[in-house]
Amino acid sequence: MAYTTIDNPEKFFQCFLYTGGDGNTEHDFGGADAMQPDLVWIKNRTQSDNFALIDSVRGSRFWLGCNVQDQEDYNNEAYLFNFRSDGFTTSNTDVVGKNTETYVSWNWKAGTSFTNDASSTSVGSIDSEGSINTTSGFSIIKYTGTGAAATVAHGLGATPGWFVVKSRSADGRGWQVFHNKVANTRKLALDDHAAQSGTGTAYWNDTSPNNTVFSLGSGGDGTANTVTFISYCWTPIKGFSKFGEYEGNGSSNGPFIYTGFKPAYVIVKSSTHAVNWKSFDNKRDKYNKSSSTTFNLNENGAEDDNSAYKFHLYSNGFKLRNSNANLNSDGYTYTYLAWAEAPFVNSNGVPTNAR
């Protein structure tokens, strides 16, 4: 029986805490294995700054905020300067590294160059390129919209469990989110607390992704003519990542969700009701306790350490210990995204430890 294909998730995903420095500061992850990130998702823990998503495909001086609909921002003197072999360098600026202020980053490895000429390969209807990692099931894909429905090659060789698309070059176009537990006629918005919305072909052309492409409708935020876009795509990998849903029960003894690994990072959002995107990780909360530290990904606020969000990470999944509407209201359906700190059982049959 194969338990996992990834014995050490730190090679592909790491959560990292750091403090900004005076000037350009090098930050090393310090895990058991080095990991050069290709997507870094940063948040100031104590200040009301926007999130910053920076990737190696768009370049290390460009950032997008998951809580806003703005186009990507660029600054020669600020933001992330470069990716390192085991971390990254930040400058002394509010968004990613203000001196003495504390930050959290969630970091993924892609690393293999990907180019698809749709007319030559007959895969997809428009060209795409980026960086992929088929072992961990993650790709970063850029493309240019045509104003019409389109299919875009994602390079994963497996069907994405969830992906997002975001305009790089036009304001007012939100983070359009596909989740495999939400109908392909509907979408979630990462920058909004709204429930799933839409009907028909507007967002995904009434078509779920497959192992080569994802589909875009002409009426959403993903394919405006001549606008450039970025997409982050993930496919579930046994023992490393899982994207699913659960039903709330409104009790402090909430549901347990089996993932098959000890989670390092979990994102939760109700698909049926207007509540915030909540995120939890294994570094800001090292132990299961009476309160949990969380962010609203759709807002710019500082982290909140609160008993109302009590959320426990276990060796094989996570459990809701609250009745908060954002996480566990009776009758609400919640989607979740989870990445591993360690597989529940590694490929040699050795189980991981609990927290």
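Are Arg58 and Glu72 buried or exposed? Both Arg58 and Glu72 are buried, where buried stands for under 20% relative accessible area, exposed for over 50% and partly exposed for in between, with a 1.4 Å probe and protein chains only. The exercises below build on this start.

The model is predicted, so local features need pLDDT of at least 70 and side-chain atom pairs count only at pLDDT 80 or more, while totals for chains, interfaces and linings use all residues. Residues are numbered from 1 along each chain as its sequence is written, and side-chain values use heavy atoms, with hydrogens and water left out.

**Exercise 1. Describe the salt bridges of Arg58.**

Step 1: Recall the term. A salt bridge is a side-chain nitrogen of Lys or Arg within 4 Å of a carboxyl oxygen of Asp or Glu.

Step 2: Look at Asp55. Its closest O atom and the closest N atom of Arg58 are 2.6 Å apart, forming a salt bridge. Asp55 is buried at 0% relative accessibility, and Arg58 is buried at 6%.

Step 3: Turn to Glu72. The side chain of Arg58 also meets that of Glu72 in a salt bridge, at 3.0 Å from N to O. Arg58 sits in the loop between strand 4 and strand 5 (62-63), and Glu72 in the loop between strand 5 and strand 6 (73-74), so their pair ties together parts 14 residues apart in sequence. Strands (E, at least two residues) and helices (H or I, at least four) are DSSP runs, numbered from the N terminus.

**Exercise 2. Find the salt-bridge partner of Arg45 and place the pair in the chain.**

Step 1: The partner is Glu303, with the closest N and O atoms 3.1 Å apart.

Step 2: This pair links distant parts of the chain, 258 residues apart. Arg45 is in the loop between strand 3 (39-44) and strand 4 (52-55), whereas Glu303 is in the loop between strand 23 (292-296) and strand 24 (304-306).

Step 3: Compare with the cut-offs. Arg45 is buried at 17% relative accessible area, while Glu303 is partly exposed at 23%.

Step 4: Widen the view. Arg45, Asp281, Arg284 and Glu303 are linked in a network of salt bridges, and the whole structure has 13 salt bridges.

**Exercise 3. Work out how the sheet containing strand 1 and strand 9 is arranged.**

Step 1: Four strands form an open sheet in the order 1-9-3-4, with antiparallel pairing. Two strands pair if DSSP finds at least two bridges between them.

Step 2: Strand 1 (13-19) and strand 4 are at the edges with a single partner strand each, so one side of each has no neighbour in the sheet. The twist averages 20° from one strand to the next.

Step 3: Zoom in. Strand 1 and strand 9 are joined by 7 bridges, and Thr19 has Thr102 in strand 9 as its bridge partner.

**Exercise 4. Name two residues other than glycine with a positive phi, and say where they are.**

Step 1: Thr100 has a positive phi of about 75°. Thr100 lies in the loop between strand 8 (87-90) and strand 9 (102-108) and is exposed at 61% relative accessible area.

Step 2: Ser122 has a phi near 60°. Ser122 lies in the loop between helix 1 (118-121) and strand 11 (128-133) and is exposed at 65% relative accessibility.

Notes:
Axes are lines fitted to C-alpha atoms, for helices over the stretch in contact, and angles run from 0 to 180 degrees between N-to-C directions.
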